Amino acid sequence: MAWALPAGLLSGRRLPGLLLATGQFLPAPDIHRLAHTSTLARLVMNADSQILDMGRKVRRAIPAQRRAILARYTTCVVDDCPLPAHLCQTDHIDNWSDGGTTDLDKLAPTCQFHNRDRYRHPERYRLYRAGKDRWAFAYLGPRPTTHN
Ligand SMILES: [Zn+2]
């Protein structure tokens, strides 16, 4: 049985490089050039090949992320807040203004009150893992004022 070498592959000789899924051979100097001029981006996709980790490229959650969040959470991410998740805003666990990412694992539903209050008074909240793919905030309440 005869078979053809992929275009770009030289006579089966072993050369340092990379054979791409397209059948093209990428020589080592080209790999080095790409490594110096490119950046890596991590992509996390769901079963429908929709990207769920957007990093810092976009601020707002996309519909596929929102659906995934609603599968993980039933209410606001703050303990004892009864507002159903589908009525909540999608919030960054790490505030966007502090460098937070729009990655599925860093998003959670937060009611409008807790979203605003957590931003204004982060000292009132303590973040903890509530499961493998869930976060929660314990509400600590306002700090007691000291009167001397
Ligand atoms: Zn809430």
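Let's start at Val58, in the loop between H1 and H2. Is Val58 buried, exposed or partly exposed? Its relative accessibility is 30%, and because buried means under 20% and exposed over 50%, Val58 counts as partly exposed. Now look across the sequence. Val58 and Thr102 are separated by 44 residues along the chain. In space, their C-alpha atoms are 6.7 Å apart.

One caution before I go on. This is a predicted model.

Stay in that loop for a moment. Asp53 also sits between helix H1, residues 28–37, and H2. Asp53 is a charged residue by type, and here Asp53 is buried, with a relative accessible area of 9%. Asp53 has a distant partner in sequence too. Leu107 is 54 residues away along the chain, and the C-alpha to C-alpha distance is 9.9 Å.

Now the overall layout. The chain has three helices and six strands. What pattern do they follow along the sequence? Read it as β-β-α-α-β-β-α-β-β. The chain has 148 residues, and 29% of them count as buried.

Next, the largest pocket. Its volume is about 440 Å³. Which residues lie closest to its centre? They are Arg59, Thr90, Asp91, His92 and Asn115, out of 16 lining residues. Three elements each supply at least two residues of that lining: helix H2 at 63–72, strand E3 at 89–92 and helix H3 at 112–120. Which of the elements gives the most? That is E3, with four residues. By chemistry, the lining divides into six nonpolar, six polar and four charged residues. If you plan to look at this pocket on screen, that is the breakdown to keep in mind.

On to the loop between H2 and E3. Asp80 is found there. The backbone is worth a look. Most residues other than glycine have a negative phi. Asp80 has a positive phi, near 70°. Is Asp80 buried or exposed? Asp80 is exposed, with a relative accessible area of 80%.

The next residue along is Cys81. Cys81 counts as buried, at 11% relative accessibility. Cys111 is buried as well, with a relative accessible area of 7%. So what about disulfides? How many does the structure hold? Zero. As a reminder, a disulfide is a covalent bond between the sulfur atoms of two cysteines.

Now the aromatics. A pair of rings is described by the distance of the centres and the angle of the planes. How many aromatic pairs are there? The count comes to two. Take the pair of Tyr125 and Phe137. The centres are 6.3 Å apart and the planes make an angle of 90°. That makes the pair edge-to-face, because the label applies to planes over 60 degrees apart. Where do the two residues sit? Tyr125 lies in strand E5, residues 125–131, and Phe137 in strand E6, residues 134–139, so the pair ties together parts that are 12 residues apart in sequence.

Both of these rings belong to buried residues. Tyr125 has a relative accessibility of 8%. Phe137 has a relative accessible area of 4%. With a cut-off of under 20% for buried, Tyr125 counts as buried, and Phe137 does too. There is a third member to add. Ring pairs link Tyr125, Phe137 and Tyr139 into a cluster.

One more ring to finish. Which residue lies over the face of Trp135? Arg129 does, at 3.9 Å from the ring centre.

To recap, briefly. The largest pocket is lined by 16 residues, and E3 gives the most to that lining. Tyr125, Phe137 and Tyr139 form the linked ring cluster. Asp80 carries the positive phi. And there are zero disulfides.

Methods
Residues numbered from 1 in each chain as written. Predicted model: local features only at pLDDT ≥ 70, side-chain atom pairs only at ≥ 80, totals over all residues. Heavy atoms only, no water. Disulfide = S-S within 2.5 Å. Buried < 20%, exposed > 50% of the residue type's maximum accessible area, 1.4 Å probe, protein only. 1 Å grid on protein atoms, 1.4 Å probe; cavity = no way out; pocket = protein on both sides within 12 Å on 5 of 7 lines; lining within 4 Å. Points joined across faces, edges and corners; volume = space filled by probe spheres on them. Phe/Tyr/Trp six-rings, centres within 6.5 Å; stacked < 30°, edge-to-face > 60°. Lys NZ or Arg CZ within 6 Å of the ring centre and 35° of its normal.
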